[in-house]
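Reader: I should be grateful for a close look at a single part of this model, the place where its two domains meet. Please set it out in one connected account.

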Amino acid sequence: MKILSIETSCDETAIALVEASGGIKRPRFKVLKNAVSSQVALHAPYGGVVPNIAKREHIKNLPIILSEVAPGKKVDVVAVTVGPGLEPALWTGIEFAKKLRRGAFPKAKLVGANHMEGHLYSFLLDQKTENPKSKILNPKIYPAVGLVVSGGHTILLLMKSLTEWKKLGETRDDAVGEAFDKVARMLGLPYPGGPEIQRAAATGNPEAVNFPRPMLHDKNYDFSFSGLKTSVLYYLRDHKNANTNDIAASFQKAAVDVLVGKAARAARQYKARSIVLAGGVAANASLRETLAAKSAELGLNFFAPSMQFNTDNAAMIAAAAYIQILKKKSRRMTAQANLSL
Ligand code: KG4
Ligand code: ZN
(Lines give C-alpha, C1' and ligand atoms only; values in the text may rest on other atoms or scores of the structure.)
(Ligands and ions follow the chains in the order given, each with its own letter.)
Protein backbone atom coordinates (compact mmCIF):
# COMPACT_ATOMS: atom_id res chain seq x y z
CA MET A 1 0.00 0.00 0.00
CA LYS A 2 1.16 3.49 -0.81
CA ILE A 3 1.38 5.86 2.16
CA LEU A 4 1.71 9.63 1.94
CA SER A 5 2.96 10.74 5.35
CA ILE A 6 3.21 14.15 6.98
CA GLU A 7 5.33 15.26 9.94
CA THR A 8 5.06 18.72 11.55
CA SER A 9 5.49 18.08 15.27
CA CYS A 10 8.47 20.39 15.77
CA ASP A 11 10.69 22.43 13.46
CA GLU A 12 10.95 20.17 10.42
CA THR A 13 8.22 20.18 7.79
CA ALA A 14 8.39 16.74 6.20
CA ILE A 15 6.42 14.71 3.67
CA ALA A 16 7.28 11.22 2.46
CA LEU A 17 5.87 8.66 0.07
CA VAL A 18 6.40 5.08 1.22
CA GLU A 19 5.37 1.74 -0.25
CA ALA A 20 4.59 -0.57 2.66
CA SER A 21 3.96 -4.31 2.45
CA GLY A 22 4.09 -7.48 4.53
CA GLY A 23 2.45 -8.56 7.77
CA ILE A 24 3.18 -7.66 11.35
CA LYS A 25 6.12 -10.10 11.58
CA ARG A 26 7.71 -8.85 8.39
CA PRO A 27 6.63 -5.33 7.52
CA ARG A 28 8.65 -3.88 4.67
CA PHE A 29 9.08 -0.30 3.62
CA LYS A 30 10.33 1.15 0.41
CA VAL A 31 10.88 4.87 0.79
CA LEU A 32 10.00 6.40 -2.59
CA LYS A 33 10.36 10.04 -1.51
CA ASN A 34 11.58 11.63 1.68
CA ALA A 35 11.42 15.43 1.70
CA VAL A 36 12.38 17.46 4.77
CA SER A 37 12.46 21.22 5.03
CA SER A 38 14.24 22.39 8.14
CA GLN A 39 13.35 25.65 9.88
CA VAL A 40 16.48 25.51 12.02
CA ALA A 41 17.90 28.79 10.73
CA LEU A 42 14.72 30.68 11.66
CA HIS A 43 14.64 29.36 15.23
CA ALA A 44 18.40 29.54 15.82
CA PRO A 45 18.42 33.19 17.00
CA TYR A 46 15.98 32.19 19.80
CA GLY A 47 18.11 29.22 20.90
CA GLY A 48 15.13 26.87 20.54
CA VAL A 49 11.92 26.26 18.64
CA VAL A 50 9.29 29.04 18.76
CA PRO A 51 5.87 27.32 18.33
CA ASN A 52 4.17 30.13 16.41
CA ILE A 53 7.06 30.52 13.97
CA ALA A 54 6.99 26.74 13.45
CA LYS A 55 3.25 26.89 12.75
CA ARG A 56 3.59 29.74 10.25
CA GLU A 57 6.43 27.98 8.40
CA HIS A 58 4.65 24.61 8.28
CA ILE A 59 1.59 26.27 6.73
CA LYS A 60 3.80 27.95 4.16
CA ASN A 61 6.00 24.92 3.40
CA LEU A 62 3.55 22.01 3.33
CA PRO A 63 2.11 22.73 -0.16
CA ILE A 64 5.59 23.40 -1.54
CA ILE A 65 6.98 20.11 -0.19
CA LEU A 66 3.92 18.22 -1.39
CA SER A 67 4.52 19.39 -4.93
CA GLU A 68 8.16 18.26 -4.63
CA VAL A 69 7.05 14.82 -3.49
CA ALA A 70 4.49 14.68 -6.32
CA PRO A 71 2.60 11.69 -4.92
CA GLY A 72 0.54 11.04 -8.07
CA LYS A 73 -3.08 9.91 -7.91
CA LYS A 74 -2.82 6.57 -6.18
CA VAL A 75 -2.41 7.03 -2.46
CA ASP A 76 -3.97 4.44 -0.14
CA VAL A 77 -3.23 6.12 3.16
CA VAL A 78 -2.65 9.69 4.26
CA ALA A 79 -0.73 9.48 7.55
CA VAL A 80 0.06 12.32 9.89
CA THR A 81 1.78 12.80 13.24
CA VAL A 82 -0.80 13.54 15.95
CA GLY A 83 1.71 13.71 18.84
CA PRO A 84 3.80 14.18 20.82
CA GLY A 85 5.01 17.65 19.84
CA LEU A 86 4.12 21.32 19.82
CA GLU A 87 0.37 21.64 19.64
CA PRO A 88 0.12 24.50 17.09
CA ALA A 89 2.67 22.72 14.89
CA LEU A 90 0.86 19.37 15.11
CA TRP A 91 -2.44 20.97 14.10
CA THR A 92 -0.99 22.32 10.85
CA GLY A 93 -0.12 18.78 9.75
CA ILE A 94 -3.46 17.35 10.88
CA GLU A 95 -5.47 20.03 9.07
CA PHE A 96 -3.36 19.59 5.94
CA ALA A 97 -3.87 15.82 6.01
CA LYS A 98 -7.63 16.23 6.45
CA LYS A 99 -7.76 18.64 3.52
CA LEU A 100 -5.84 16.23 1.28
CA ARG A 101 -8.18 13.42 2.24
CA ARG A 102 -11.21 15.59 1.38
CA GLY A 103 -9.68 16.88 -1.84
CA ALA A 104 -6.96 15.04 -3.75
CA PHE A 105 -7.32 11.57 -2.15
CA PRO A 106 -10.99 10.97 -1.28
CA LYS A 107 -10.50 7.19 -1.25
CA ALA A 108 -7.50 7.23 1.06
CA LYS A 109 -7.62 6.18 4.69
CA LEU A 110 -6.63 8.91 7.13
CA VAL A 111 -4.30 7.64 9.88
CA GLY A 112 -2.92 9.53 12.89
CA ALA A 113 0.51 8.29 14.02
CA ASN A 114 2.70 8.56 17.12
CA HIS A 115 5.96 10.42 16.44
CA MET A 116 7.87 8.32 19.00
CA GLU A 117 6.72 5.06 17.40
CA GLY A 118 7.99 6.58 14.17
CA HIS A 119 11.43 7.07 15.70
CA LEU A 120 11.43 3.57 17.15
CA TYR A 121 10.52 2.01 13.79
CA SER A 122 12.93 4.06 11.70
CA PHE A 123 15.54 1.26 11.86
CA LEU A 124 13.22 -0.66 9.53
CA LEU A 125 13.30 1.98 6.82
CA ASP A 126 16.40 1.18 4.83
CA GLN A 127 16.11 -2.58 4.80
CA LYS A 128 16.58 -4.30 1.49
CA THR A 129 13.04 -5.07 0.37
CA GLU A 130 14.40 -7.59 -2.14
CA ASN A 131 15.84 -9.68 0.66
CA PRO A 132 13.05 -10.83 2.96
CA LYS A 133 15.52 -12.94 4.94
CA SER A 134 17.52 -9.95 6.09
CA LYS A 135 18.26 -10.16 9.79
CA ILE A 136 16.27 -7.08 10.62
CA LEU A 137 13.03 -8.88 9.70
CA ASN A 138 13.88 -11.98 11.68
CA PRO A 139 11.57 -12.32 14.69
CA LYS A 140 14.54 -13.88 16.51
CA ILE A 141 16.00 -10.42 17.04
CA TYR A 142 13.66 -10.12 20.05
CA PRO A 143 13.68 -9.49 22.93
CA ALA A 144 15.40 -6.22 22.13
CA VAL A 145 16.34 -3.23 24.22
CA GLY A 146 15.20 0.01 22.59
CA LEU A 147 16.97 3.27 23.36
CA VAL A 148 14.97 6.25 22.09
CA VAL A 149 16.91 9.49 22.39
CA SER A 150 15.66 12.80 20.99
CA GLY A 151 15.27 16.47 21.80
CA GLY A 152 12.24 15.75 23.97
CA HIS A 153 12.66 12.13 25.11
CA THR A 154 15.12 9.67 26.59
CA ILE A 155 13.45 6.28 26.97
CA LEU A 156 14.71 2.75 27.52
CA LEU A 157 12.35 -0.01 26.37
CA LEU A 158 12.21 -3.76 26.55
CA MET A 159 10.69 -4.91 23.25
CA LYS A 160 9.10 -8.37 23.24
CA SER A 161 8.27 -7.88 19.57
CA LEU A 162 7.97 -5.01 17.14
CA THR A 163 4.66 -4.01 18.71
CA GLU A 164 4.88 -5.11 22.34
CA TRP A 165 7.13 -3.33 24.78
CA LYS A 166 7.52 -2.22 28.34
CA LYS A 167 9.12 1.03 29.39
CA LEU A 168 12.11 0.24 31.60
CA GLY A 169 12.97 3.85 32.36
CA GLU A 170 13.11 7.40 31.08
CA THR A 171 14.62 10.75 31.94
CA ARG A 172 13.50 12.41 35.13
CA ASP A 173 14.40 15.89 33.87
CA ASP A 174 16.07 16.96 30.62
CA ALA A 175 16.12 14.76 27.53
CA VAL A 176 19.62 13.96 26.33
CA GLY A 177 19.15 15.96 23.09
CA GLU A 178 18.04 18.91 25.18
CA ALA A 179 21.23 18.60 27.26
CA PHE A 180 23.31 18.63 24.04
CA ASP A 181 21.42 21.74 22.90
CA LYS A 182 21.84 23.53 26.24
CA VAL A 183 25.53 22.70 26.63
CA ALA A 184 26.15 23.89 23.06
CA ARG A 185 24.49 27.17 23.97
CA MET A 186 26.76 27.54 27.03
CA LEU A 187 29.73 27.02 24.72
CA GLY A 188 28.46 29.67 22.31
CA LEU A 189 27.65 27.09 19.63
CA PRO A 190 24.50 27.51 17.48
CA TYR A 191 21.18 25.67 17.76
CA PRO A 192 20.60 22.73 17.34
CA GLY A 193 23.54 21.87 19.53
CA GLY A 194 23.86 18.11 18.99
CA PRO A 195 25.71 18.21 15.66
CA GLU A 196 27.78 21.20 16.88
CA ILE A 197 28.91 19.38 20.02
CA GLN A 198 29.81 16.37 17.91
CA ARG A 199 31.87 18.54 15.55
CA ALA A 200 33.67 20.34 18.40
CA ALA A 201 34.22 17.06 20.27
CA ALA A 202 35.96 15.51 17.25
CA THR A 203 39.14 17.45 18.03
CA GLY A 204 38.69 17.63 21.81
CA ASN A 205 40.00 15.41 24.60
CA PRO A 206 37.15 13.37 26.14
CA GLU A 207 39.26 12.76 29.26
CA ALA A 208 39.95 16.48 29.83
CA VAL A 209 37.17 16.90 32.41
CA ASN A 210 35.63 14.08 34.39
CA PHE A 211 32.00 15.21 34.33
CA PRO A 212 29.49 13.17 36.40
CA ARG A 213 27.71 10.15 34.89
CA PRO A 214 24.29 10.74 36.52
CA MET A 215 22.42 7.63 37.67
CA LEU A 216 24.79 5.31 35.79
CA HIS A 217 25.10 2.96 38.76
CA ASP A 218 21.56 3.33 40.11
CA LYS A 219 19.63 0.08 40.00
CA ASN A 220 16.76 1.54 37.95
CA TYR A 221 16.76 2.42 34.25
CA ASP A 222 15.88 6.10 34.61
CA PHE A 223 18.13 8.90 33.42
CA SER A 224 18.90 12.44 34.55
CA PHE A 225 20.81 14.92 32.42
CA SER A 226 20.07 18.18 34.18
CA GLY A 227 22.88 17.67 36.75
CA LEU A 228 25.40 16.93 34.00
CA LYS A 229 24.38 20.12 32.21
CA THR A 230 24.77 22.09 35.46
CA SER A 231 28.23 20.59 36.04
CA VAL A 232 29.29 21.91 32.65
CA LEU A 233 27.85 25.32 33.56
CA TYR A 234 29.81 25.45 36.85
CA TYR A 235 32.97 24.22 35.18
CA LEU A 236 32.74 26.99 32.58
CA ARG A 237 32.05 29.57 35.29
CA ASP A 238 35.18 28.49 37.19
CA HIS A 239 37.47 27.99 34.17
CA LYS A 240 37.20 31.03 31.96
CA ASN A 241 39.84 29.74 29.55
CA ALA A 242 38.42 26.25 29.18
CA ASN A 243 38.92 24.72 25.75
CA THR A 244 35.54 24.42 23.97
CA ASN A 245 36.48 21.24 22.12
CA ASP A 246 37.67 19.52 25.31
CA ILE A 247 34.47 20.47 27.15
CA ALA A 248 32.33 19.26 24.23
CA ALA A 249 34.23 15.96 24.07
CA SER A 250 34.12 15.42 27.85
CA PHE A 251 30.40 16.21 28.04
CA GLN A 252 29.62 13.96 25.07
CA LYS A 253 31.61 11.11 26.63
CA ALA A 254 29.74 11.45 29.94
CA ALA A 255 26.35 11.39 28.16
CA VAL A 256 27.32 8.43 25.94
CA ASP A 257 28.73 6.47 28.90
CA VAL A 258 25.42 6.76 30.75
CA LEU A 259 23.28 5.82 27.72
CA VAL A 260 25.45 2.89 26.68
CA GLY A 261 26.02 1.70 30.26
CA LYS A 262 22.33 1.54 31.03
CA ALA A 263 21.28 0.03 27.70
CA ALA A 264 23.94 -2.68 28.05
CA ARG A 265 22.92 -3.48 31.62
CA ALA A 266 19.27 -3.78 30.56
CA ALA A 267 20.28 -6.05 27.66
CA ARG A 268 22.15 -8.34 30.05
CA GLN A 269 19.45 -8.36 32.72
CA TYR A 270 16.65 -9.15 30.26
CA LYS A 271 18.72 -11.47 28.06
CA ALA A 272 18.05 -9.35 25.01
CA ARG A 273 19.21 -10.45 21.57
CA SER A 274 19.45 -6.95 20.12
CA ILE A 275 19.78 -3.28 20.86
CA VAL A 276 17.77 -0.80 18.79
CA LEU A 277 18.81 2.84 18.77
CA ALA A 278 16.42 5.60 17.63
CA GLY A 279 15.72 9.35 17.68
CA GLY A 280 17.63 12.48 16.70
CA VAL A 281 20.54 11.81 19.07
CA ALA A 282 21.05 8.45 17.30
CA ALA A 283 22.76 10.60 14.65
CA ASN A 284 25.62 11.05 17.13
CA ALA A 285 28.62 9.14 15.80
CA SER A 286 30.15 8.55 19.22
CA LEU A 287 26.89 7.11 20.60
CA ARG A 288 26.36 4.88 17.54
CA GLU A 289 29.93 3.60 17.51
CA THR A 290 30.13 3.00 21.25
CA LEU A 291 26.77 1.24 21.38
CA ALA A 292 27.59 -0.81 18.28
CA ALA A 293 30.91 -1.89 19.85
CA LYS A 294 29.23 -2.73 23.18
CA SER A 295 26.56 -4.75 21.37
CA ALA A 296 29.25 -6.68 19.48
CA GLU A 297 31.11 -7.34 22.75
CA LEU A 298 27.91 -8.74 24.27
CA GLY A 299 27.14 -10.79 21.14
CA LEU A 300 24.00 -8.77 20.34
CA ASN A 301 22.58 -7.46 17.08
CA PHE A 302 22.69 -3.70 16.83
CA PHE A 303 20.20 -1.72 14.78
CA ALA A 304 20.16 2.02 14.17
CA PRO A 305 18.42 4.05 11.46
CA SER A 306 20.40 5.07 8.41
CA MET A 307 21.52 8.67 8.59
CA GLN A 308 18.59 10.48 6.93
CA PHE A 309 16.08 8.77 9.25
CA ASN A 310 17.58 9.70 12.63
CA THR A 311 16.27 13.22 12.98
CA ASP A 312 12.66 14.10 12.31
CA ASN A 313 11.32 12.90 8.96
CA ALA A 314 8.01 11.70 7.54
CA ALA A 315 9.12 8.27 6.27
CA MET A 316 9.18 7.08 9.88
CA ILE A 317 5.59 8.32 10.28
CA ALA A 318 4.54 6.10 7.36
CA ALA A 319 6.18 3.14 9.14
CA ALA A 320 4.35 3.92 12.40
CA ALA A 321 1.05 4.34 10.53
CA TYR A 322 1.45 1.06 8.63
CA ILE A 323 2.25 -0.95 11.75
CA GLN A 324 -0.74 0.67 13.43
CA ILE A 325 -2.98 -0.36 10.52
CA LEU A 326 -1.68 -3.93 10.82
CA LYS A 327 -2.52 -3.82 14.53
CA LYS A 328 -6.00 -2.49 13.62
CA LYS A 329 -5.48 0.40 15.99
CA SER A 330 -6.66 3.94 15.30
CA ARG A 331 -5.88 7.28 16.89
CA ARG A 332 -7.90 10.44 17.34
CA MET A 333 -7.21 13.05 14.65
CA THR A 334 -6.44 15.75 17.22
CA ALA A 335 -3.12 17.20 18.38
CA GLN A 336 -1.91 15.20 21.40
CA ALA A 337 1.07 17.15 22.69
CA ASN A 338 2.00 14.60 25.36
CA LEU A 339 1.36 11.34 23.56
CA SER A 340 3.84 8.75 24.81
CA LEU A 341 5.29 5.41 23.76
O1 KG4 B 1 14.34 13.41 16.91
P2 KG4 B 1 14.67 14.82 16.72
O3 KG4 B 1 15.00 15.31 15.33
O4 KG4 B 1 13.52 15.74 17.23
C5 KG4 B 1 12.78 15.42 18.35
O6 KG4 B 1 11.82 14.62 18.23
O7 KG4 B 1 13.17 15.93 19.44
O8 KG4 B 1 15.88 15.13 17.70
C9 KG4 B 1 16.45 16.39 17.77
C10 KG4 B 1 17.57 16.33 18.79
C11 KG4 B 1 18.16 17.70 19.10
O12 KG4 B 1 18.26 17.85 20.50
C13 KG4 B 1 19.52 17.63 18.44
O14 KG4 B 1 20.49 18.44 19.07
C15 KG4 B 1 19.85 16.16 18.58
O16 KG4 B 1 18.65 15.51 18.32
N17 KG4 B 1 20.90 15.74 17.63
C18 KG4 B 1 22.12 15.31 18.01
C19 KG4 B 1 22.85 15.08 16.83
N20 KG4 B 1 22.04 15.37 15.75
C21 KG4 B 1 20.85 15.78 16.28
N22 KG4 B 1 22.64 15.11 19.24
C23 KG4 B 1 23.92 14.68 19.30
N24 KG4 B 1 24.70 14.47 18.20
C25 KG4 B 1 24.20 14.63 16.96
N26 KG4 B 1 24.97 14.41 15.90
ZN1 ZN C 1 11.62 13.52 16.79
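Author: Across the interface of domain 1 and domain 2, the rule finds 3 residue pairs in polar contact, with both residues of each pair at pLDDT 80 or more. A polar contact here is a pair of N or O atoms within 3.5 Å; within protein, one must be able to donate a hydrogen and the other to accept it, and residues adjacent in sequence count only if both atoms are side-chain atoms. On the side of domain 1 that touches domain 2, the largest share, 5 residues, is provided by helix 4 (residues 115-121). Helices (H or I, at least four residues) and strands (E, at least two) are DSSP runs numbered from the N terminus. Sorted by class, that side of domain 1 holds 11 nonpolar, 5 polar and 4 charged residues. In this scheme Ala, Val, Leu, Ile, Met, Phe, Trp, Tyr, Cys and Pro are nonpolar, Asp, Glu, Lys and Arg are charged, and the others, Gly among them, are polar.

The model is a predicted one, in which local features need pLDDT of at least 70 and side-chain atom pairs pLDDT 80 or more, whereas totals for chains, interfaces and linings use all residues. Residues are numbered from 1 along each chain as written, chains are lettered from A and ligands numbered from 1 in written order, and side-chain values use heavy atoms, without hydrogens and water.

The domain assignment, whose bounds come from an automatic or database source, gives domain 1 as 2-122 + 309-326 and domain 2 as 139-304. Their C-alpha centres lie 26 Å apart. In contact (heavy atoms within 4.5 Å) are 20 residues of domain 1 and 19 residues of domain 2. The two domains bury about 1600 Å² between them, 73% of it on carbon and sulfur atoms; buried area is the accessible area (1.4 Å probe) that two parts lose on being put together, summed over both. Of the area that domain 1 buries against domain 2, M116, L120 and N310 supply 38%, more than any other three residues. The rule finds 0 salt bridges across this interface, a salt bridge being a side-chain nitrogen of Lys or Arg within 4 Å of a carboxyl oxygen of Asp or Glu.

Helix 4 also has a part in the metal site. The zinc ion (ligand 2) has as protein donors H115 (NE2), H119 (NE2) and D312 (OD), at 2.0 to 2.1 Å. Donors are N, O and S atoms within 2.8 Å of the metal (3.2 Å for Na, K and Ca), and sites may look incomplete because water is not among the atoms. H119 lies in helix 4 and D312 in the loop between strand 10 (301-303) and helix 10 (315-326), so this pair ties together parts 193 residues apart in sequence.
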